[in-house]
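Thanks for coming. I will walk through the sheet in this structure, strand by strand, and then the helices that pack on it.

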Amino acid sequence: TRAELRRLGLTTSKGLAYGDAASEILARVQAEPPPSLVAIRTRPRKGLDRVLLGSVAERVIRRSPVPVLAIDPAVEETFAFTRILVPLDLHPLSTEVLPAVLELARIHTSEVVLVHVVPLQPEPFTYREFELRSPESVEALLEPHLEPLGRAGLRARTRIEYGDAAEEILRAAREESADLVAMTTHGRRGPARWVLGSVAEDVLRHSPCPLLVVRTAGLATGPEVVESEAAGIER
């Protein structure tokens with residue numbers, strides 16, 4: 001692998017660490033200078049082991065201050081991101097993934113599909129007030145995020161689904177034959193995580209393609225974010 005990277009003109013280094021895998025990876029992410037991306041293979045756990053420890057990839061995603069690209073070894077790896085699926089939940093922080101998407105889409109001349117999932121009923125820990133949005137109103141909210149992609153000469157469109165967020169994102173990824181799903185995770189802690197888990201983690205466990213995750217927890221602490229977090233409006 002290092003020889004292949006060198007042939008591409010890339011500089012490589014290697015290291016060996018002892019201890020908890022996720023903790024050691026995060027320690028190196030926080031070292032100076034920090035990396036701009038963590039690429040990690042997923043090795044899903046099952047049963048009680050998952051409940052107690054979670055997977056290394058999930059733990060890194062929850063705490064990494066830089067984007068994480070998670071790849072299931074069972075998924076065919078072409079790394080030609082012809083179509084990128086980008087779930088947006090209309091929370092301002094969900095758009096933090098778009099700069100990385102724009103950069104990748106330029107490199108791969110990708111088509112970008114912005115998908116929003118409207119829940120069919122209020123979800124605990126998710127919305128203080130619930131309002132079923134019409135497709136027209138959601139499209140109007142997504143439209144401004146299409147403009148930078150269009151100005152970059154990229155194909156971009158929207159897709160609106162109704163139902164469970166993780167299930168509909170995974171279904172859209174399969175139907176669109178997405179080569180990459182790129183999304184943010186706002187992070188959960190405590191009972192909310194135990195009851196509902198994270199949409200990003202649910203997608204990670206079952207995604208038919210690589211997953212790029214940008215963690216937004218702690219990126220901003222203004223009044224709007226504090227109010228949103230108090231209302232539980234987070235993924």
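Before any partners are named, one term: two strands count as paired if DSSP finds at least two bridges between them. The model is predicted.

With that term in hand, take strand 7, where V213 is the bridge partner of V68. Strand 2 and strand 7 run antiparallel and are joined by three bridges. Strand 2 covers residues 68-71. From this strand, V68 and A70 point one way, L69 and I71 point the other way, and all are buried. In general, side chains in a regular strand alternate between the two faces of the sheet.

On to strand 1. Its pairing with strand 2 is parallel, over four bridges, and R41 stands opposite I71 of strand 2.

Now the whole sheet. Seven strands make it up, in the order 1-2-7-6-3-4-5; the sheet is open and the pairing is mixed. Which strands stand at the edges? They are strand 1 (38-41) and strand 5 (155-162); each has a single partner strand, so one side of each lacks a neighbour in the sheet. On average, neighbouring strands are turned by 25 degrees against each other, direction ignored.

At the strand 5 end, strand 4 (residues 111-118) runs parallel to strand 5, with eight bridges joining them. One of the partners is Y162 in strand 5, which bridges to V118.

Last, the helices. Helix 7 (residues 165-175) packs on the sheet and touches strands 3, 4, 5 and 6. Its direction makes about 135 degrees with that of strand 5. Helix 5 (residues 98-108) lies across strands 3, 4, 6 and 7, and runs at about 175 degrees to strand 3.

Notes
Residues numbered from 1 in each chain as written. Predicted model: local features only at pLDDT ≥ 70, side-chain atom pairs only at ≥ 80, totals over all residues. Heavy atoms only, no water. Helix = DSSP H or I, 4+ residues; strand = E, 2+ residues; numbered from the N terminus. Axes fitted to C-alpha atoms, helices over the stretch in contact; angles between N-to-C directions. Contact = heavy atoms within 4.5 Å. Buried < 20%, exposed > 50% of the residue type's maximum accessible area, 1.4 Å probe, protein only.
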